Structure formats: structure tokens, C-alpha cells
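Colleague: Please take a close look at one part of this model for me, and tell me who sits around it. I work at the bench, so plain words are welcome.

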Amino acid sequence: MEKNDMVYGVHAVTESLMANTGNKLYIQEDLRGKNVQKIKDLAAEKKVAISWTPKKTLQEMTDGATHQGFVLRVSAFAYAELSDILQKAETEENPLILILDGLTDPHNLGSILRTADATNVTGVIIPKHRAVGVTPVVAKTSTGAVEHVP
């Protein structure tokens, strides 16, 4: 499994399931609590297969990151085209587009996306080369905002 083809953590998994990008959900086999039922129901509603998985396996899948007992295999991230962002900007009263250059830390991109979502940024432009793209760390740090900001 490609490392970039998964998200983990309660918020990132929930947002990805709601955005219909989930393919298979791995839940820690001994996990209990309200989040388990909520995410299980959402996965069932979206017809995503669930695999009850040992904690050790989930830790290996996420390179030891904080997964909170949930790992979701997802479709490759669908980046928006620049033309789509500009078209969206034309329809907004006061559009704001962020252009990020040379950003290499996925935690920083995730935080920026979270803030961009909270402040109704129209879109974020990142370079194709020599910069961080959308990774599982970005998805986790953005707490799901990655699904809302083009």
C-alpha cells in the first residue's frame, strides 16, 4: 500500500469517508467508544469494507503516527486545477487565494489548510515540484480541511 493512499485519525478518516474517497477502513480490533460506532456506521453507509486490525499492524501502516485506532485506505488525492480555483474565485464576492511556494513540512501545510478552511479561503495553490503535496500527515494535521479547500 502506498503511504500517500491512506489517512488516519478520527477527524481525517471521518472527513474522507464523508467525501466518498475511502476504499477500506482498518479499525483497531480492541477499540471501544462512541467514535467506533459513529465511524463504523458512516463506513457502512458509504459501503466501505471494514477490517478489524491489531494495533501493532496499524502502527506499522502509519509509521508509528497517532492513528487513534483508525486507518482508511483512500483514492489518490484529487488536486483541483488552477482554472477551477480561478473560476470559483470569479463567483465569490471577496475571494482569497493562497499561493504557497517551497513549503516542505507536511505539518505546516496541514495547519495552513485548517486555517484556510476556517477563514473561507477560495483555494490554495502549491507547486508540483520541490514542495510538499497532500500526504497522510497533511490530512491528519488539517483535521479534514483537506477535503474542503481546493
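Modeller: Sorted by class, the lining of the second largest pocket comes out as 10 nonpolar, five polar and one charged residues. Bear in mind that this is a predicted model. The space in that pocket is about 170 Å³. It has 16 lining residues, and if you want to find the middle on your screen, look for Val74, Ser75, Ala76, Phe77 and Glu147, which lie closest to the centre. Strand E1 (6-8) and helix H6 (136-141) are the elements that each put two or more residues into this lining.

Now follow Val74 back into the fold. This residue, one of those closest to the pocket centre, belongs to strand E4, which covers residues 70-74. E4 runs antiparallel to strand E2, and five bridges hold the pair together. To see where they line up, click on isoleucine 27 and you'll find phenylalanine 70 of E4 opposite.

E2 itself spans residues 22-28, and most of the strand is covered, with five of its seven residues buried. E2 also pairs with strand E3 (residues 49-53), this time parallel, again through five bridges. Here lysine 24 faces alanine 49, while leucine 25 has isoleucine 50 as its opposite number. Between those two parallel strands the chain goes through helix H2 (residues 34-45), and E2, H2 and E3 together form a right-handed β-α-β unit.

For comparison, have a look at the largest pocket too. Its volume is about 510 Å³, and 23 residues line it. Nearest its centre are Tyr79, Ala80, Val124, Ile125 and Ile126. Helix H4 (82-91), helix H5 (106-118) and strand E6 (123-125) are the elements giving two or more residues to this lining. By class, the lining splits into 18 nonpolar, two polar and three charged residues.

So what should you keep from all this? For the pocket you asked me to walk through, remember Val74, Ser75, Ala76, Phe77 and Glu147 around the centre, with E1 and H6 contributing to the lining. Then step from Val74 along E4 to its antiparallel partner E2, and from E2 across to its parallel partner E3.

Note on methods
Residues numbered from 1 in each chain as written. Predicted model: local features only at pLDDT ≥ 70, side-chain atom pairs only at ≥ 80, totals over all residues. Heavy atoms only, no water. 1 Å grid on protein atoms, 1.4 Å probe; cavity = no way out; pocket = protein on both sides within 12 Å on 5 of 7 lines; lining within 4 Å. Points joined across faces, edges and corners; volume = space filled by probe spheres on them. Helix = DSSP H or I, 4+ residues; strand = E, 2+ residues; numbered from the N terminus. Nonpolar A, V, L, I, M, F, W, Y, C, P; charged D, E, K, R; others polar. Pairing = 2+ DSSP bridges. Right-handed = clockwise from strand over helix to strand, strands pointing away. Buried < 20%, exposed > 50% of the residue type's maximum accessible area, 1.4 Å probe, protein only.
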